[in-house]
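Q: I'd like a close look at one single part of this fold rather than a tour of the whole thing. Pick one helix, please, and walk me through what it buries, what it touches and what it leaves in the open.

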Amino acid sequence: MSTFKSFIVNLNRVLRVLLASMMALLVINVTWQVITRFVLPHPSSFTEELARFLLIWISLLGSAYAFHTHSHLGFDYLVNKMSRSTSILVAKMGYVLVILFAISVLVVGGLNLAYITLLLEQRSAVLGLPMGAVYAVTPISGLLFIVYSTLGLLELKDSNKLREVAL
């Protein structure tokens, strides 16, 4: 378990740096877009597409990280009214449902989407990026959800306590 926890610590560190870097790049990109549109005579052509792709990656990776840190929106009023054993059972069921969703929709569906767009050699209009690379974040975020849900299940099993689980 300690190897898994050290993996999670390193994963979180990499994910935080990646998300912060992408957010900084997004801010710079949008600032440049505003400057070129309203100050300079010729608006930049790539900034809108880059902002869209950065937002996709930040949203999907950030939602997985927010799930891990219990920062996502949740409805925990009913869970807080339940007994300890019932709330632990509901938390476990929630983690299992997240794993099933992540496998079936994010990983399998995301891999199919990325594979098809790479196979068809679909590229973005302005930047010319392979759309499969843009869509690759879907299965990556699915894997993150699976890892974080597995960690949540292990923490509930090992400590037999309920962390602040927002379902």
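A: Here is a walk along one helix, followed by a look at its partners.

First, the small print: this is a predicted model, where local features need pLDDT of at least 70 and side-chain atom pairs count only at pLDDT 80 or more, while totals for chains, interfaces and linings use all residues. Residues are numbered from 1 along each chain as its sequence is written, and side-chain values use heavy atoms, with hydrogens and water left out.

The helix I'd pick is H1, residues 2-38; helices here are DSSP runs of H or I with at least four residues, numbered from the N terminus. H1 has 37 residues and reaches 54 Å from its first C-alpha to its last, close to the 54 Å expected at 1.5 Å a residue (that is, 1.5 Å times one less than the number of residues).

Now for its hidden side. Ile8, Leu11, Asn12, Leu15, Leu19, Met22, Leu26, Asn29, Gln33 and Thr36 are the buried residues of H1. Buried means under 20% relative accessible area, exposed over 50%, and partly exposed in between, with a 1.4 Å probe and protein chains only.

Let's go along that list. Asn12 is buried at 9% relative accessibility, and beyond four places in sequence Asn12 touches Tyr65, His68 and Tyr148; a contact means heavy atoms within 4.5 Å. Leu15 has a relative accessible area of 5%, so Leu15 counts as buried too. With residues up to four places away left out, Leu15 touches Leu61, Tyr65, Leu144 and Tyr148. The C-alpha atoms of Leu15 and Pro139 are 15 Å apart, although 124 residues separate the two along the chain.

Further on, Met22 is in contact with Leu54, Trp57, Ile58 and Leu61, again leaving aside neighbours within four places. Then comes Gln33, buried at 14%, whose contacts beyond four places in sequence are Thr47 and Glu48.

Several of these names come back in the largest nonpolar core: of its 25 residues, Leu15, Leu19, Met22, Leu61, Leu144, Phe145 and Tyr148 touch the most other members. At least two residues of this core come from each of H1, H2, helix H4 (84-119) and helix H6 (137-159). A core here is a set of buried Ala, Val, Leu, Ile, Met, Phe, Trp, Tyr and Cys residues joined through side-chain atoms within 4.5 Å.

H2 deserves a word as a partner. The buried residues of H2 include Thr47, Leu54, Ile58, Leu61, Tyr65 and His68. Its 22 residues should span 32 Å at 1.5 Å a residue, and the end C-alpha atoms are 31 Å apart, which agrees. Glu48, the contact of Gln33, also forms a salt bridge with Arg52, with the closest N and O atoms 3.6 Å apart. Because Arg52 and Glu48 are 4 residues apart in H2 (residues 47-68), about one helical turn separates them. Both ends are partly exposed: Arg52 at 43%, Glu48 at 46%. The count comes to 1 salt bridge, taking a side-chain nitrogen of Lys or Arg within 4 Å of a carboxyl oxygen of Asp or Glu.

Back on H1, Val30 shows the other face of things: at 33% relative accessibility, Val30 is partly exposed. Val30 belongs to a nonpolar surface patch of about 940 Å², along with Trp32, Val34, Ile35, Phe38, Val39, Leu40, Phe46, Val126, Leu127 and Leu129. Such patches join nonpolar side chains (Val, Leu, Ile, Met, Phe, Trp, Tyr) within 5 Å, like charges being joined within 9 Å, from residues with over 30% relative accessible area and no salt bridge; areas come from the Shrake-Rupley method with a 1.4 Å probe, and for residues only the protein chains shown count as cover.
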